[in-house]
Structure formats: C-alpha cells, structure tokens
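Please open the structure in the viewer and set the display so that side chains and any bound molecule can be selected. The tour proceeds by selection, with a short account of what is found at each stop.

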Amino acid sequence: MNLKKTVLISLVTAGLMAGSQGALAATFKMALGDAAGGTQWELGQTFKTVFEQKTGGKHKVDLFPNGQLGDEQNTVNNAALGTLDFSVLAINNVTPFSPSVGVLTLPYVIQSAEDAKKLTLGEIGKELTENTVRDAGVRIVGWAYSGFRVLTNSKKPVTNVADLKGMVIRVPKNEIMIATYQAWGINPTPMAWSETFTALQQRVVDGQDNPYITVSAMKFNEVQKYITNIRYIFSLEPLIVSESVFQEQKPDVQKAILEAGREATEHSFKYLLETEDKIRKDLVAKGMQISDAANGEKEFIDKATTTVWPKFYASIGGKDKLDKVLKSLGR
Ligand code: MLT
C-alpha cells in the first residue's frame, strides 16, 4: 500500500472514530433519559427523520433511550464538554446548570399545554435558550410537551396534602421540586432518574411524579398502583445540542438542526393532545387507580405558591421575571 493511500485511510478512520466530536461526525448521538415510546422518543425520532432528510442522508442521528448514555443530568455535562451531541431530558434536570430556566418549573406557573407552548416558543423561551448556551454550554433546539406531572405511589390513594405524611417520594435533584414537597410537609428523596424504576420496584421509595405518558413509557404501572391528578408542573423536555458541536457545524447543517427541532416540536404538541387521554385509560385498564386532589387542588396550590415562589426569585432572575412570565400568560 502506498503512503498516500495509508494516510487517506488513517484520516478516514480518525474521522469515523471522532464519532460524536463535531464537524467530522457523520453520525450524531442522541441520549434519551426515558425508555422508547414516550414523548422524548417521539421528539427524537421526528428530529432524526427530518434532519436526515434535510441533510440528504449525509448526517445521521442514532437514538440511545433509557439512560444508556448516562443519567439525564450527566448528559448536560457531557454535551457541555462536547463528548455527547444531543440529549432529550426533562427541563427540571437542566435547571441545576442554568437556574433561570427554573421559572418553567415553579409550581403552578404553567396551567395548560397552551401556556407551555406560548412560553417555550415566545420571547421567554428565546431568552432561556440564550441563558442555557451562556450558563450550561448547551443550546435548546426543540421541545417535547409531556403533560402535567401526576403523583404516583404504591401505598394508598392521596387526595390531600396530609395524605403525604409518612410517604417517601422520589424527586429529581432539583431545588424547586424539593422545596415544593417540603411546603407540602414532607422531605422528598432526591434521586437520579435512571435509578427511579428500581427504587420504586424495591420499595426504597413509595412514589414519584411524572406525566401520564412517561409513567406508561417507563412501565411504572408495574410497580405503582395509585395516581393523584396534581398539576404543579407541566413537564417540558427540551432537545439540547452541545454548543461546541453546534458551532463546529457548517451553516447548512446548523440550519437543518434548527428546522428539524422546530418540526419535531410541532409534532410533539400534537402527539400530546392525541395521546395523553388514551394512555390515561390504558393505565386504568392495567390496574392503576386515579384520584383528583381535593377541593380543586386548593391546598396544594396555596402551600406551594406562597412558600416556594419567593424562595426562588433570585435564582430565576428576580420577581420581575416571574411577573413578566405571568403577564405573558395573561395573568
Ligand atoms: C425526572 O423525573 O427526573 C424526569 O422528569 C424524568 C424524565 O425525563 O422523563
């Protein structure tokens, strides 16, 4: 083999080995915290299809569901370092790296799917995207809309705040969510998402909260019996791209990433509206028992908003920021 040929083969091999390392990558890796089949999967698959079509098959995306590429919070670190290209994860797992996005997880700020869409696709969403680039080295290019996080547990029906007493509830490692359960009178157990199913199965914890579609995708119905309809957080799950990987791409590839992200976001909203109710019924058919929080959830709402909001004004960028968000939602 002549020298020229050897050098060429080495360069091609180096390019392939670079894998997730940016401009040379023909195939990007996308981490998903959830198992296949839920809103994260729908967003990721739609992104993949549109992006591959827009780049004429030159670039590909491989999806790795179920935390195969690490826990959700670790994927933010890895994307910031440029060792991972994309990740789809819950917004509450981005907040520790970019506290101002906490405004999207303050309890009872988002009250409908329409509120969620308005915030993420409007001025506020744009500002939060810029903040995550600045603070966390990752760029939000799409959103999955997953619905309200409902409370599940294996012990008994919960309808009042007092019913939580004595229960061990897993929450993400997120200060706002920890403070919310404290406002409801218990100390929750912060735990990585990737450890949650096993902890529920082994009864290390009694319950957790996540949207219906996530409960179903993760097969929590196999280890949880009771659901309480609370609406304290509307689950938003951004698709993030490593900012260093994004900046290494040619303008046409960057454009394809942004366009595919927008199309996947539109799809995600429709998917939620078409699917959530079917999934709820399916979970009941599989034996789960659903209750509503008593008195229109008043006690949960009052305790959470009066205690938790003021604690986080500073981290979200001031009370004015929350006022601006509420005003943009017509409140
Ligand atoms: C969590 O509870 O940590 C996340 O919301 C799970 C998810 O990404 O679905």
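Select the ligand together with Arg170: in this predicted model, a side-chain N or O atom of Arg170 is 2.7 Å from an oxygen atom of the ligand. Add Arg149, which also places a polar side-chain atom 2.7 Å from a ligand oxygen. Next add Glu237, where the separation between a side-chain N or O atom and an oxygen atom of the ligand is 3.2 Å. Then extend the selection to the full surroundings of the ligand, which comprise 13 residues. Asp34, Gln40, Glu72, Arg149 and Arg170 are the closest of these.

Now colour the protein by domain. The domain assignment gives domain 1 as 25-145 + 236-279 and domain 2 as 150-233 + 282-328. Domain 1 and domain 2 each place 37 residues in the contact between them. If the C-alpha centres of the two domains are marked, they lie 23 Å apart.

Show the surface between the two domains. About 3,000 Å² is buried there, and carbon and sulfur atoms account for 64% of that area. Which three residues of domain 1 supply more of the area it buries against domain 2 than any other three? Select Pro107, Tyr108 and Ile279: together they supply 26% of the area that domain 1 buries against domain 2.

For the polar side of this interface, display residue pairs in polar contact; 13 such pairs are found between domain 1 and domain 2. Next, highlight helices α3 (72-81), α4 (113-121), α5 (123-136) and α10 (251-285), each of which supplies at least two residues to the side of domain 1 that touches domain 2. Helix α10 gives the most to that side, with six residues. Coloured by class, the side of domain 1 that touches domain 2 shows 15 nonpolar, 14 polar and eight charged residues.

Turn to the salt bridges between the domains, of which there are two. Select Lys321 and Glu127 as well: their side chains meet in a salt bridge, with an N to O distance of 2.8 Å.

Finally, widen the search to the whole structure, where 18 salt bridges are found. Select Asp115 and Arg331, whose side chains form a salt bridge at 3.2 Å, N to O. Asp115 lies in helix α4 and Arg331 in the segment after α13 (319-328), so this pair ties together parts that are 216 residues apart in sequence.

Notes. Residues numbered from 1 in each chain as written. Predicted model: local features only at pLDDT ≥ 70, side-chain atom pairs only at ≥ 80, totals over all residues. Heavy atoms only, no water. Domains from an automatic or database assignment. Contact = heavy atoms within 4.5 Å. Buried area = accessible area lost by both parts, 1.4 Å probe. Salt bridge = Lys/Arg side-chain N within 4 Å of Asp/Glu carboxyl O. Polar contact = N/O pair within 3.5 Å; in protein donor to acceptor, adjacent residues only side chain to side chain. Helix = DSSP H or I, 4+ residues; strand = E, 2+ residues; numbered from the N terminus. Nonpolar A, V, L, I, M, F, W, Y, C, P; charged D, E, K, R; others polar. Near = heavy atom within 4 Å.
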